[in-house]
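The following exercises are to be worked with the sequence and the coordinates at hand. Each task is followed by a solution in steps.

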Amino acid sequence: MLIFLAKRLGYLLFTMLVVSILVFLVMELDPGSVAQKVLGPYSNDEQRRLWMEANGYLEPLPIRYVEWLMSAMTGDFGMSTRFKVPVTEILLPRLANTAILGLGVLLVMVPLALVLGVLAGMKEGSTQDRTISVFSIATTSIPEFASGVFLVGIFVLWLKWLPGVSNMVGGFDIKQMILPVGALVMYGFGYITRMTRASMAEVMQTHYIRTAILKGVPRRQVIMRHALRNALIAPFTVIMLQINWLLSGVIVIEYLFAYKGFGSLLLEAALNQDIYVIEACAMVAVLVAVGTQTLADIGYMYLNPRIRFS
Amino acid sequence: MAASTEALAPSTRRPSGALRVVRAIGLIRESPVGMIGVAIVIAWILAAIFAPLLAPFDPNATILPFQRPGAVDPATGKTFWLGTDKIGRDMLSRIIYGGRRVLIYGPIATACAYAVGIVTGLAAGYFRGWWDSILSRASDVILSFPVFVLYVIVISTFGRSGLNIVLAIVFASAPGIMRIVRGLTLDLRNRDYVAAAQTRGEHPLYIMFVEILPNARGPLIVDACLRLGYVTITIGTLGFLGLGLPPPDPDWGGMVNEMRALAIAFPHMVVYPCLAISSLVLGLNLLADGLREISIRD
């Protein structure tokens with residue numbers, strides 16, 4: 001168990017290290033272009049040279065990388081060129097907002113997807129199964145921005161129930177959370193549903209379930225007590241991996257609804273070439289993605305006795 | 001001896017690859033859901049091919065702004081079936097032409113990703129050893145990026161162009177394809193016919209591409225369909241984020257992005273492009289589902 005944990009953590013560190021090299025190379029390979037992005041398009045060569053000299057950009061690439069990595073590890077990603085404040089000062093509140101959004105999505109999506117997946121997988125090939133499967137294919141076919149547009153069309157323009165923007169200008173408002181959460185759930189739940197369905201259908205065909213049915217255990221109890229426990233191991237991993245997808249989805253949905261979160265920050269930074277913010281966002285996104293993946297692996301091992309005891 | 005094996009060869013050979021693909025597509029008739037998918041996809045392909053005939057207006061011509069669906073152009077007497085956008089371009093024509101872009105770039109990007117994924121996956125699964133370690137590690141690292149974080153960074157840094165979008169999609173999707181091909185290869189490389197080919201002294205390239213790859217086609221075709229749908233979503237979403245193919249040619253995601261500020265007053269400007277992309281992806285996903293259903297049954 002300890003060896004497994006150490007391996008997973010070592011792997012996490014390795015991935016982060018490689019990712020940091022990639023991010024650094026893409027963003028800062030050419031010091032001249034960094035100077036231009038920081039000082040703006042109207043700076044002259046002399047200003048750029050002085051800036052590069054003052055900030056250590058005349059050093060060779062490996063030294064610059066190590067220095068960058070050292071300060072990044074202490075949480076110092078530099079100053080945002082657009083907002084003129086340290087990157088962490090902008091990033092942390094944005095991350096908190098996205099965490100709220102992501103938590104909302106998971107709280108709605110996971111129970112919904114598991115229930116639908118179990119209902120579909122219980123009776124493979126039934127009308128119930130076909131209906132749920134086609135429905136989940138249909139919602140997964142609608143890109144996040146389109147489901148956002150459709151939801152706005154229905155709930156904002158037609159029914160006039162909900163606000164169409166989620167910028168939280170007048171403080172946190174739960175009503176403004178409904179549509180962003182809804183749009184992300186609509187796109188995301190289908191995948192978990194189908195995984196749960198496949199896993200459930202497989203478990204329903206095992207010998208111990210057949211035995212339980214044949215010895216006359218009520219159907220309800222067969223499913224609740226015997227099938228679910230085994231059927232939900234595989235979806236657990238999928239749910240953790242959905243966090244990786246969620247980090248992509250929030251870029252689109254936060255932009256659409258003007259929600260002040262991590263995704264919209266990254267997009268704004270990218271469109272304005274706010275270089276240090278982009279770097280920080282990339283590193284945080286990968287850390288969250290790899291971190292949840294590691295947790296998924298550990299959790300999977302913990303949940304599945306066949307792996308735990310081997 | 002040599003002459004006799006050559007004479008035997010044609011009669012024992014399985015039907016050619018192209019013929020079998022046609023038969024596989026014919027099988028889709030047995031799945032009603034798959035048939036709906038095929039119909040939607042073919043409708044969009046035809047619309048894209050015959051765009052100049054179907055589109056009532058030039059997609060980039062500015063005619064009359066802010067027309068509601070069904071309004072009539074006073075100059076030509078033609079109807080704007082889906083209205084016009086904020087600078088007066090006909091929505092229907094733009095949506096029909098927009099299909100062309102998606103249906104050109106989507107398959108190109110998917111095919112390139114498959115080419116890279118198949119070559120690396122076959123190499124990793126067949127040779128094992130350090131090839132496998134390096135390729136698997138590299139794909140793990142790439143897959144650890146949330147895809148759109150990757151796209152946003154790469155495309156905003158290197159600029160928005162068709163080539164960069166295709167390259168970014170290949171970079172992000174090839175590792176996933178590689179994993180699938182690698183897994184299939186690990187299974188297939190232990191089959192008797194591979195051992196037979198090895199004993200015959202065939203070149204590894206021949207074994208990988210002639211013996212292993214054709215036998216892995218079932219899961220790959222289903223995956224390719226799903227992936228094509230996903231690439232379509234990606235292209236649309238990039239357009240929506242302002243990182244898609246450069247204007248002025250119509251692009252479904254880009255149309256939504258340009259017009260979204262006006263969505264409250266003129267919903268038709270954003271809803272129709274969204275319906276267009278959703279229906280195309282739905283068609284591809286239903287097709288994939290139908291193919292999978294058939295492949296499981298056989």
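**Exercise 1. A loop residue in chain B**

In this predicted model, B:Arg189 sits in the loop between α8 (162-188) and α9 (192-200) of chain B. Determine whether B:Arg189 is buried, exposed or partly exposed, and list its contacts beyond four places in sequence.

*Solution.* Step 1: count the C-beta neighbours of B:Arg189 inside 10 Å, which gives 19. Step 2: a buried residue needs 20 or more, and an exposed one has 12 or fewer. B:Arg189 therefore counts as partly exposed. Step 3: with neighbours within four places in sequence set aside, the contacts of B:Arg189 are B:Gly125, B:Tyr126, B:Val194 and B:Ile212. Step 4: as a check on distance, B:Asp249 lies 60 residues from B:Arg189 along the chain, and their C-alpha atoms are separated by 47 Å.

**Exercise 2. Length and buried face of a helix**

Establish whether the span of helix α6 (residues 127-140) of chain A agrees or disagrees with 1.5 Å a residue, and locate its buried residues.

*Solution.* Step 1: the expected span is 1.5 Å times one less than the number of residues, so the 14 residues of α6(A) should cover 20 Å. Step 2: the end C-alpha atoms of α6(A) are 20 Å apart, in agreement with that value. Step 3: the buried residues of α6(A) are A:Ile132, A:Ser133, A:Ser136, A:Ile137 and A:Thr140. Step 4: viewed down the axis of α6(A), these buried residues fall within an arc of 135°, and so they line one face of the helix. Step 5: the general background is that an α-helix has 3.6 residues a turn, so residues three or four places apart point the same way.

**Exercise 3. A helix pair in chain A**

Describe the packing of helix α1 (residues 2-28) against helix α4 (residues 61-73), both of chain A.

*Solution.* Step 1: the two helices pack at an angle of about 115°, and their axes are 11 Å apart. Step 2: α1(A) passes α4(A) in a right-handed crossing. Step 3: α1(A) contributes A:Ser20, A:Ile21, A:Phe24 and A:Glu28 to the contact, while α4(A) contributes A:Arg64, A:Tyr65, A:Trp68 and A:Leu69. Step 4: by class, this contact has five nonpolar, one polar and two charged residues.

**Exercise 4. The contact between the chains**

How many residues of chain B touch chain A, and which element gives the most?

*Solution.* Step 1: 35 residues of chain B are in contact with 38 residues of chain A. Step 2: α13(B) gives the most to the chain B side, with ten residues. Step 3: that side divides into 23 nonpolar, ten polar and two charged residues.

Definitions and conventions: Residues are numbered from 1 along each chain as its sequence is written. Chains are lettered from A and ligands numbered from 1 in the order in which they are written. This is a predicted model: local features need pLDDT of at least 70, side-chain atom pairs count only at pLDDT 80 or more; totals for chains, interfaces and linings use all residues. Axes are lines fitted to C-alpha atoms, for helices over the stretch in contact, and angles run from 0 to 180 degrees between N-to-C directions. Helices (H or I, at least four residues) and strands (E, at least two) are DSSP runs, numbered from the N terminus. A crossing is left-handed if the near helix is turned anticlockwise from the far one by less than a right angle, and right-handed if clockwise. Two residues are in contact if their C-beta atoms, placed from the backbone, lie within 7 Å. Ala, Val, Leu, Ile, Met, Phe, Trp, Tyr, Cys and Pro count as nonpolar, Asp, Glu, Lys and Arg as charged, and the others, Gly among them, as polar. The arc is that of the directions from the helix axis to the C-beta atoms.
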